[in-house]
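Visitor: Before we start, could you take me through the labels used for this protein and say what each of them rests on?

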Amino acid sequence: MLFGATTRREAVVKKVVVASNKLQSNIRFEIDPEAFVCAFFEAEREGLDLIGLFHSHPAPATPSSVDLECMKLWASLIWLIFSSVDGKLAGYQMKNGKVVEVTTKVEP
Ligand SMILES: [Zn+2]
């Protein structure tokens with residue numbers, strides 16, 4: 001879970017909360033709802049918003065059909081996907097009903 005702040009031009013991640021995969025699968029994930037809510041409210045107390053979700057694929061860093069369905073449910077979130085195949089990191093966001101790739105920049 002990626003928490004931070006968003007402006008019209010950029011989203012800055014200030015806090016990363018790692019959640020275990022409730023499904024214990026290499027191809028699908030589900031965050032434990034209790035862990036999700038706890039992280040959400042803790043971040044809210046810190047003045048941070050949930051701005052994205054990160055996960056990895058044993059495939060290209062493009063949204064899967066399942067990702068696309070979930071993206072429709074929470075369109076404001078940025079989905080950051082890492083490919084364990086080629087090491088590519090890419091971010092996507094639903095805008096006006098369409099998935100667009102967003103520029104990502106990793107800083108220390
Ligand atoms: Zn995915």
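**The zinc site and its surroundings**

Guide: In this predicted model, the four donor atoms around the zinc ion subtend angles of 56 to 158°, which makes the arrangement irregular.

Visitor: What makes the arrangement irregular?

Guide: Four donors count as tetrahedral if all angles lie between 85 and 135 degrees, and the angles here run from 56 to 158°. Square planar requires opposite donors over 155 degrees apart and all others between 65 and 115, and an angle of 56° falls outside those ranges, so the arrangement is called irregular.

Visitor: How do you know which atoms are the protein donors of the zinc ion?

Guide: Donors are N, O and S atoms within 2.8 Å of the metal, and the NE2 atoms of H55 and H57, together with two OD entries of D67, lie 1.9 to 2.6 Å from the zinc ion, so they count as donors. Along the sequence, the donor residues follow the spacing H-x1-H-x9-D. H55 belongs to strand β3 (residues 49–57) and D67 to helix α2 (residues 65–73), 12 residues apart, and this pair links distant parts of the chain. Both H55 and D67 are buried.

Visitor: Why is F29 called partly exposed?

Guide: Buried means under 20% relative accessible area and exposed means over 50%; F29, at 31% relative accessibility, therefore counts as partly exposed. F29 sits in the loop between β2 (11–16) and α1 (33–45), and among the residues F29 touches are the zinc donors H55 and D67.

**The sheet**

Visitor: What makes β2 and β6 edge strands?

Guide: The open sheet has six strands in the order β2-β1-β3-β4-β5-β6, with mixed pairing. β2 and β6 (98–102) each have a single partner strand, so one side of each is left without a neighbour in the sheet. From one strand to the next, the twist averages 35°.

Visitor: How do you know that β1 and β2 pair?

Guide: Two strands pair if there are at least two bridges between them, and strand β1 (residues 2–6) and β2 have five, in the antiparallel sense; the criterion is therefore met. A hairpin of four residues joins β1 to β2, and L2 stands opposite V16 in β2.

Visitor: In what sense do β3 and β4 pair?

Guide: β3 and strand β4 (residues 78–83) pair in the parallel sense over six bridges, with the zinc donor H57 standing opposite S83 in β4. Helix α2 lies across β3, β4, β5 (89–95) and β6, running at about 50° to β5.

How values were computed:
Residues numbered from 1 in each chain as written. Predicted model: local features only at pLDDT ≥ 70, side-chain atom pairs only at ≥ 80, totals over all residues. Heavy atoms only, no water. Donors = N, O, S within 2.8 Å, 3.2 Å for Na, K, Ca; no water. Tetrahedral: all angles 85-135°; square planar, octahedral: opposite > 155°, others 65-115°. Helix = DSSP H or I, 4+ residues; strand = E, 2+ residues; numbered from the N terminus. Buried < 20%, exposed > 50% of the residue type's maximum accessible area, 1.4 Å probe, protein only. Contact = heavy atoms within 4.5 Å. Axes fitted to C-alpha atoms, helices over the stretch in contact; angles between N-to-C directions. Lists of a residue's contacts leave out its neighbours within four places in sequence.
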